[in-house]
Amino acid sequence: MNQWLDFSSNAFIFAFALYCFAFIAYAIAVAGKRWSNRDPEKHKARWGKIGFGLTLAGWLGHLAFFVTRWIGSGHIPTSNMYEFMTFLGMAIVFAFIIVFLIYRNPFLGAFTLPLVIIIIAYASVFPSEVQPLIPALNSVWLKIHVTMAATAEAFFAVGFAAALIQLIRVVDFTRTDKVGKRARRWTEFALVVIIVIVGFLVAVFGFRSAGYLSEFKQTTVSVDDAGKETTTVKEVKYGLPPIFKPYNSEAVKVQPFLGMKEPLLETPSWMNGINAGRKLNTVAWSIITGVLLYGLLRLIARKQLAAVISPHLDDIDPEDLDEISYRAIAIGFPLFTLGALIFAMIWAQIAWSRFWGWDPKEVWALITWLYYSAYLHLRLSRGWQGTRSAWLAVIGFLVVMFTLVGVNLVIAGLHSYAGVS
C-alpha cells in the first residue's frame, strides 16, 4: 500500500508542476502576443495549444494521484481538507478542459490555472497523511455527494474566472466620473482579495519553513449541578507569530519575531474557544501579508493591477466571456442541486437520522444554491447581462469559497475539518 501512496505523492508533484508550466504558457499566449514580431494570432494559438497540452497532461497526473491514493488508503480521498481541496483543484481543471474544448479561449486558462494553483497550494497547508475513515463517512453517498458537489463548484470557478476577465476587460481607465472610479475600485478590490489568499499561503509556508512555533494554554473551571468543580486545560500551537492570543490564556512558549516577545492583543471574550485565537491570528497575518504583497506589486507596476492586465485583453469580446461564464454556471447549477442538496440530505438521513439539521455547512450550501438560483433568474427573466451578470458570478464564487473554507475552518459543525496555523 505504501508503494501506491508514494506513487500518488509523486504524481501530485508532477501535476502541480505541469499546472505551473501551463499557466506560464497561457500567460505567454495572452501577454506575449504583443511582443511577437509575427502574426499575433498564430502566436496566441500556438502557446494556447501548448498550455492546453500541459494542462491535460497535468490533469492526467492529478487523476493518477487521486486513483492511487484511493487504492492506497482504501477509501475515496475526499474525507479531510487536504483531500477535498486537491479533488476540487482536479475538478476545476476538468471543468476548464470541457469549457476550453467548446470555446478555445486561452484567456480562460490564464485566469483559471492560477486559481487551481492557489487551491492546491492551500491544500498543502493541511496534513497530507492518510487518515482512517470515520464510520459516518463510510458510505457510498460520500462518493456521490462530495464528488458531484465539488464538480459543480468547479464549474462555478470557471464561471468566476471568465467573469473576472470580463470585468477587467471592460473597465474604462479614462473615465474620471464617479461611476468610472467605482468600477475601477471594486475591480481592483477583487484582485486584492485573491492576493490576500496568496498572502495566507506565503505567511504559512514562510514561517513553517523557518520553523516558527509558539504555544498557549487555556484553563477553564466548570461547576456541575452538584457543585463539583472540574478544571480543564487545553493547549494550542501557533505556526504564525501571535498578534492575537486565545482569550483568557497564558503563554507556554512565545518565539520572538521582529522584537515581538508577547502577543499584541487578546481574542475577544465571545471568541473563547482555544482555537479561535489561532484562527483570528491567521486571518490577521493573511491580510497583513496580502496587503504587503499588493503594495509591492503596485510599487513595481506604478499603477492599479487591473490597469496592467486590461491592455492584454483588448482583442477578446466581452460578450464571449459573458457567455462562457453563464454556460459554466448553468452546467454547475443542476449538479450542485443534486450533489450538495438532494444527495446530501439522503446521506444525512442515513448518517444522522435526519434530512436537515441547520448545521452551518447545510445552511451555507442552501445560501449558495439560493444565490445561484437568483443569478439564473435575473439572467434569464430580467436580462441581466454584461457587467451586472459578471459581478454576480464573482460574488457567487466568493460565497462558494466561504462555504468551503470559512465554514470548515471558522464555524464549528458536523461538516468541519481541522484548522491550521
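**Burial, rings and helices: how the labels are earned**

Modeller: Phe-160 and Phe-397 are both buried. Please keep in mind that this is a predicted model.

Biologist: Gladly. How many aromatic pairs does the structure hold?

Modeller: There are 24 of them. One joins Phe-12 and Phe-65, whose ring centres are 4.8 Å apart, with 45° between the planes.

Biologist: What makes that pair tilted?

Modeller: The label stacked needs planes under 30 degrees apart, and edge-to-face needs over 60. At 45°, the pair of Phe-12 and Phe-65 falls in neither group, so tilted is the right word. The pair also links distant parts of the chain, with Phe-12 in helix H1 and Phe-65 in helix H2, 53 residues apart.

Biologist: How do you know whether Phe-12 and Phe-65 are buried or exposed?

Modeller: The cut-off for buried is under 20% relative accessible area. Phe-12 has 10%, so it is buried. Phe-65 has 4% and therefore counts as buried too.

Biologist: Which label, stacked or tilted, suits the rings of Phe-160 and Phe-397?

Modeller: Their planes meet at 25°, and their centres are 5.0 Å apart, so this pair is stacked. Phe-160 belongs to helix H5 and Phe-397 to helix H11, so the pair ties together parts that are 237 residues apart in sequence.

Biologist: Which residues form an aromatic cluster?

Modeller: Phe-156, Phe-336, Tyr-371, Tyr-372 and Tyr-375 form one.

Biologist: Let's turn to the core. Which residues touch the most other members of the largest nonpolar core?

Modeller: Tyr-19, Leu-108 and Phe-397 do, in a core of 95 residues. Helix H5 contributes the most to this core, with 18 residues. Apart from it there is another core, of eight residues, with Ala-203, Tyr-212, Leu-240 and Trp-285 among them.

Biologist: What does Tyr-19 touch beyond its neighbours up to four places away in sequence?

Modeller: Its contacts include Trp-59, His-62, Val-93 and Leu-113.

Biologist: Next, Thr-112. Why is Thr-112 called buried?

Modeller: Its relative accessibility is 1%, and buried means under 20%, so the label follows. Thr-112 lies in helix H4, and it touches Ile-92, Phe-96 and Ala-161, leaving out residues up to four places away in sequence. A polar atom of its side chain is 2.8 Å from the backbone oxygen of Leu-108.

Biologist: What makes the link between Thr-403 and Thr-368 a polar contact?

Modeller: Their side chains come to 3.2 Å, and the limit for such a pair of N or O atoms is 3.5 Å. Thr-403 is found in helix H11 and, at 4% relative accessibility, it counts as buried.

Biologist: Thr-368 brings us to H10. How does the reach of helix H10 compare with the span expected at 1.5 Å a residue?

Modeller: H10 has 22 residues and reaches 31 Å from its first C-alpha to its last, close to the expected 32 Å. Its buried residues are Lys-361, Glu-362, Ala-365, Thr-368, Tyr-372, Tyr-375, Leu-376 and Arg-379.

Biologist: How do you know on which side of H10 they are?

Modeller: They cover an arc of only 145° around the axis, which puts them on the same side of H10. As background, an α-helix has 3.6 residues a turn, so residues three or four places apart point the same way. After H10 comes Gly-383, with a positive phi near 70°.

Biologist: What is special about the phi of Arg-104?

Modeller: Arg-104 is not a glycine, yet its phi is positive, about 55°. This residue sits in the loop between helix H3 and H4.

Biologist: Why is Arg-104 given its accessibility label?

Modeller: Exposed means over 50%, and Arg-104 has 55% relative accessibility, so it counts as exposed. Leu-258 is another residue other than glycine with a positive phi, near 50°. Leu-258 lies in the loop between strand E4 and strand E5 and, at 78% relative accessibility, counts as exposed.

Biologist: Finally, what does Val-196 contact beyond its neighbours within four places in sequence?

Modeller: Val-196, in helix H6, is in contact with Ser-286, Ile-287 and Gly-290. Its C-alpha atom is separated by 36 Å from that of Trp-4, 192 residues apart along the chain.

Methods
Residues are numbered from 1 along each chain as its sequence is written. This is a predicted model: local features need pLDDT of at least 70, side-chain atom pairs count only at pLDDT 80 or more; totals for chains, interfaces and linings use all residues. Side-chain values use heavy atoms; hydrogens and water are left out. Helices (H or I, at least four residues) and strands (E, at least two) are DSSP runs, numbered from the N terminus. The expected span of a helix is 1.5 Å times one less than its number of residues. Buried means under 20% relative accessible area, exposed over 50%, partly exposed in between (1.4 Å probe, protein chains only). The arc is that of the directions from the helix axis to the C-beta atoms. A polar contact is a pair of N or O atoms within 3.5 Å; within protein, one must be able to donate a hydrogen and the other to accept it, and residues adjacent in sequence count only if both atoms are side-chain atoms. Contact means heavy atoms within 4.5 Å. A nonpolar core is a set of buried Ala, Val, Leu, Ile, Met, Phe, Trp, Tyr and Cys residues joined through side-chain atoms within 4.5 Å. Rings of Phe, Tyr and Trp (its six-membered ring) pair if their centres lie within 6.5 Å; planes under 30 degrees apart count as stacked, over 60 as edge-to-face and the rest as tilted.
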